[in-house]
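Me: I should like to go through this structure with you and ask, for each term, on what grounds it is applied. Please set each value against the relevant criterion before concluding.

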Amino acid sequence: MSMFKDVPVDVGVIYEGERIRKEDMHVELGGPKVKEKFELARVKKPEEIEDEKITIIGPDLKDMEEGKTYPFGILIEVAGPTLEPELEGVIERRIHAYCNYIEGFMHLNQRYDIWLRLGKKSFQKGLNSFQYVGKVLHRLFKSELPIIEKIQVTFITDPEKLKELYNEAVQIYEARDARARGLKDEEVDKFYGCILCQSFAPTHVCVITPQRYSNCGAISWFDGRAAANVDPKGPVFTVEKGDLLDPVKGEFSGVNDAVKKKSLGEIMRVWLYTAFGYPHTSCGCFEAVAFYIPEVDGFGIIHRGYRDIAVNGLGFSTLADSTAGGRQVDGFHGISIEYMRSPKFLQADGGWGRVVWLPKEVKERVKDFIPAELLDKVATEEEAKTIDELKTFLKEHNHPVVERWKEEIVAVEEAAPAEAKEEAAPMPVVTATTLPITAGGFKIILKDAKIYAKKVIVRSMKSEKSEKR
Ligand code: ZN
């Protein structure tokens, strides 16, 4: 692009889906290894903005040590006569795409979860300063969203400054989310759709309703409306609700039509308020995964920031891989944190009455929205680390899912022949609707898998190598 002659690497849509592996990275910014990271967009008065100014607070790319991870923040401040604060969420979400247009520069996630990597090759080509990244952002924002007349960008890597701004950013996100609460899906006749994630998940269409935030947790219904108004042909668009086909599962004829069209016929139906049947597709940037645990007939939830394994023995990335990529996977559901605060949250499946486990950190964040009578019935990692511990906990606390077990046990006993009862049936050690396994250079995907084993041996690759010696 001639627009970027003064930037040492290429810039274009073709780089959008590019991943940078650990071995190929020069440095990493944000990501799971650091707590303080954020990106934030603010609408300001024109006199508060010095157009095209780029500020770097803390070490620049060239001052960073190869292979290291740094805390990181991006602050985008914009002004324009028709810009409203309602557009902040949508402007902020574009940072993801525009950073990814830069050759050898990868951006994942959003808000307080951002994770960026600069590739070695691009660093060697001369991409050694945030000045270049800032230039790209200036030009892309102004050319793609002409309502932005003035823009200044600040990159923060100084840990002290970052801590201060991070806390401010978190408060701004919370205020934004709170503003969007209260409106009901029944009270509007339009929803919004978002295909910003199609570069990574080609069949994914996010359906954003007042009571169902985008999977990434960064775009509310109000944000969607503001974006569709200023840029109706853009990646965020209006979805006519059409006829209400199922009020419990959340099926709307207009949503089905829009998703079918925008996924090029790949996804035909979507049920908005359930993780079963035709669940909403999962892109790759969802904040959490709701996963069905067949042993207790309930849902576990794990969020992106959770470093340990979930109660079923699987970590976030494994559970995320089981549902990501724009697929509809029965019982695996990529969601935003804000959706857990919605009365429509897994409505058709029993809502919070069906949730049995989640990390303490998330429980703390959403606890005001969990029905009071359920609050101490939902386990965290402190109460249950295994399925057995979870079962005991749920029984002791009389969680509503326990009622479901009784029905099931009766049914099983009636059906089972006498001799089968002698020996206790083995429990599956792994249960997954889609279970990807990588072996010998192949990726094998097991559908509806239940794996039984007499003994499970988990060995890290390192110990295997050292054994061979
Ligand atoms: Zn997404």
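Me: Why is Tyr-70 called buried?

Reply: The model is a predicted one, and the count comes from its coordinates. Tyr-70 has 22 other C-beta atoms within 10 Å. The term requires 20 or more, so Tyr-70 is classed as buried.

Me: Where is Tyr-70 found, and which residues does Tyr-70 touch?

Reply: Tyr-70 belongs to strand E4. Leaving aside residues up to four places away in sequence, Tyr-70 touches Val-27, Leu-29, Met-64 and Thr-157. The C-alpha atoms of Tyr-70 and Glu-28 are separated by 6.3 Å, although these residues are 42 apart along the chain.

Me: What makes E4 an edge strand?

Reply: Strand E4 (69–70) pairs on one side only, and so does strand E6 (105–108). These two are the edges of an open sheet of 4 strands in the order E4-E1-E7-E6, where the pairing is mixed.

Me: How do you know that E1 and E7 are paired?

Reply: A pair needs at least two bridges. Strand E1 (residues 25–30) and strand E7 (residues 115–119) are joined by 5 bridges, so the two strands count as paired, in the antiparallel sense. Within this pair, Glu-28 has Arg-117 of E7 as its bridge partner.

Me: Which helix lies across E6 and E7?

Reply: Helix H1 (residues 88–100) does, running at about 155 degrees to E6.

Me: What makes the pairing of the sheet E2-E5-E8-E3 mixed?

Reply: Strand E2 (residues 37–43) and E5 pair in the parallel sense over 7 bridges. E5 and strand E8 (residues 150–156), in turn, run antiparallel and are joined by 7 bridges. Both senses therefore occur in this open sheet of 4 strands, and each pair meets the requirement of at least two bridges. The edge strands are E2 and strand E3 (54–57), each pairing on one side only. From one strand to the next, the twist averages 10 degrees.

Me: Which residues stand opposite one another in E2 and E5?

Reply: Arg-42 stands opposite Glu-77 in E5, and Glu-39 stands opposite Ile-74 in E5. On the pairing with E8, the bridge partner of Ile-76 is Val-153.

Me: Why is strand E5 described as mostly covered?

Reply: Of the 8 residues in strand E5 (residues 72–79), 6 are buried. A residue is counted as buried when 20 or more other C-beta atoms lie within 10 Å of its own. The description therefore rests on 6 of 8 residues of E5 being buried.

Me: Which strands does H3 lie across?

Reply: H3 lies across E3, E5 and E8, and runs at about 150 degrees to E8.

Me: Which members of the largest nonpolar core touch the most other members?

Reply: The core has 130 residues, and those touching the most other members are Ile-76, Val-136, Val-207, Phe-299, Val-356 and Leu-390. Helix H3 (residues 130–144) supplies the largest share, 7 residues. At least three residues come from each of domain 1 (2–180) and domain 2 (185–379). Not counting residues up to four places away in sequence, the contacts of Val-207 include Phe-191, Val-239, Val-255 and Leu-272.

Me: Why is Gly-242 called partly exposed?

Reply: Gly-242 has 16 other C-beta atoms within 10 Å. Buried requires 20 or more and exposed requires 12 or fewer, so with 16 Gly-242 falls in between and is partly exposed. Gly-242 is found in the loop between strand E11 (236–240) and strand E12 (244–246). Among the residues Gly-242 touches are Phe-252 and Asp-257. The C-alpha atoms of Gly-242 and Lys-190 are separated by 8.6 Å, with their positions 52 residues apart along the chain.

Me: How many residues of the whole protein count as buried, and how many helices and strands are there?

Reply: Of the 469 residues, 46% count as buried. The secondary structure comprises 11 helices and 19 strands. Among contacts between residues at least 6 apart in sequence, 70% join residues at least 24 apart.

Me: Where is the pLDDT under 50, or below 50?

Reply: The mean pLDDT is 89, and 86% of the residues reach 70 or more. The pLDDT stays under 50 over residues 418–425, where the model has 1 contact beyond four places in sequence. The pLDDT is also below 50 over residues 438–443, a stretch with 3 contacts beyond near neighbours in sequence. Where pLDDT is low, predicted coordinates should not be read in detail.

Definitions and conventions:
Residues numbered from 1 in each chain as written. Predicted model: local features only at pLDDT ≥ 70, side-chain atom pairs only at ≥ 80, totals over all residues. Contact = placed C-beta atoms within 7 Å. Axes fitted to C-alpha atoms, helices over the stretch in contact; angles between N-to-C directions. Core = buried A, V, L, I, M, F, W, Y, C linked by C-beta atoms within 7 Å. Domains from an automatic or database assignment. pLDDT = per-residue confidence, 0-100.
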